[in-house]
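Subject: Structure for your review

Dear colleague,

Please find below the structure that I am handing over to you. A summary of the findings follows it.

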Amino acid sequence: MAENADGQEKSEQPTSKKLEDSRNKGQVARSKELATMLIMIVASVWLLWLGPQMMVDFERMMTMGFSLERDHAFDMKRAGDIIFAQFEAALWLLLPFLSVMTVMAIVANIIIGGWLFSGEVMVPKFSKLNPIEGIKRMFSLHALVELVKALLKFALMSVLAVLFIYSTLREVYHLGLIDVEPGLASAGEILAMALVVISLGLIVIAVIDVPYMLWKHNEDMKMTLQEVKDEFKQSEGNPEIKGRIRRMQQEIAMRRMMQDVPTADVIITNPEHYAVALKYDSEKMNAPVVLAMGMDFMAAQIRSIASQNRIEMVRSPALARALYYNSQPGQVIPRQLFTAVAQILAMVFQLRERKISQLPTFDDLVVPDDLKQTP
């Protein structure tokens, strides 16, 4: 299994971020053998189709080029025009073939890995000049595989070449017995067939090379467990820092809640473990709003502030628990609790207007079963 420079085992599959970063650096899976095979196949098909005619056109072009009159040899301008005309004719003759080969070279190299342009690849790396690293690369597993592929390719191509030459000896001998034009056409056809045979041999190499290059790229991209953890920290944030930020946010929210408690109309308590501060303004609100809530220590803080500001505290255990578990600070209370809270607020407002001398008990307020919380 692969190891990194520190000797740690690369046992984890590469993450999407790792693959994206590597791609930006120009590190993608490529198969030179696949590209070579496809280029050779297209070239052989092209030459098999148009090769004979191209050879005939070349023969005519060369005949015209060497068919000079004596005066032309002593006229530099005329000789230059003939050379330029020959060059232009050769260019137009080869341009379609070269254009197709250029497009095919691009397509063949992006079949695996896709289109990629990375400026980092062009930046010179002086580490590649390190002779020790160069020796390590020479004796690496990848170098051994490349050597085996080269030997296999040489052996396969040699066998195919010998077989092809042996099978076409009669045609090759026959070329010297026929006229120039049909001879060139036959030579072009033999050359095209040779390329076809070589291309078929390269298919064997490509079938072996493509899976290996994909596997090797995946192995090179694998990460150690520590690298995965470090990447997670970078992308998601350090858990300790996130926890600290979360605590700070909670503290800010707590301080804000405590600042709102003095404006509450009533505090619903359990009476020891829960406390919920409510406010209702009939002119501004459609329903009572929870200003603050807390359990245990926070509940004690709310009750303390309420006592200092002479806010009425009502004991209603079931309602206090229902409000605590089904409400959020800054939001209206659940619709199912409107009736119970309205009964308490009505009595609190009557007490504030001195219409009653004291608040009644609210231990038996009806709380819907789906909002009830066990003590």
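Five aromatic pairs are present in the structure, which is a predicted model. A pair of aromatic rings is described by two quantities, the distance of the centres and the angle of the planes.

One of the five pairs is formed by W46 and F97, whose ring centres are 6.3 Å apart. Their planes stand at 50°, and planes between 30 and 60 degrees apart count as tilted, so this pair is tilted. W46 belongs to helix α2 (residues 32-66), whereas F97 belongs to helix α4 (residues 76-110). The pair therefore ties together parts that are 51 residues apart in sequence. W46 and F97 are both buried.

A further aromatic pair consists of Y324 and Y325 and is edge-to-face, with 5.1 Å from centre to centre and 85° between the planes. Y324 has a relative accessible area of 22% and is partly exposed. Y325 is partly exposed as well, at 41% relative accessibility. Together with Y274, the residues Y324 and Y325 form one aromatic cluster.

I turn next to the sheet. It is an open sheet of four strands in the order β3-β2-β1-β4, with mixed pairing. The edges are taken by β3 (289-295) and β4 (312-315). Each of these two strands has a single partner strand, so one side of each is left without a neighbour in the sheet. From one strand to the next, the twist averages 20°.

Within this sheet, β3 pairs with strand β2 (residues 274-279) in the antiparallel sense, over six bridges. Opposite V290 in β3 stands L278.

The remaining point concerns helix α12 (residues 317-326), which lies across β1 (266-269), β2, β3 and β4. The helix runs at about 75° to β2. Which residues of α12 are buried? They are P317, L319, A320, R321, A322 and L323. These buried residues of α12 pack against β1, β2, β3 and β4, and also against α13 (338-352). The partly exposed Y324 and Y325 fall within the residue range of α12, 317-326, while Y274 of the aromatic cluster falls within that of β2, 274-279.

With kind regards

Note on methods: Residues numbered from 1 in each chain as written. Predicted model: local features only at pLDDT ≥ 70, side-chain atom pairs only at ≥ 80, totals over all residues. Heavy atoms only, no water. Phe/Tyr/Trp six-rings, centres within 6.5 Å; stacked < 30°, edge-to-face > 60°. Buried < 20%, exposed > 50% of the residue type's maximum accessible area, 1.4 Å probe, protein only. Pairing = 2+ DSSP bridges. Axes fitted to C-alpha atoms, helices over the stretch in contact; angles between N-to-C directions. Contact = heavy atoms within 4.5 Å.
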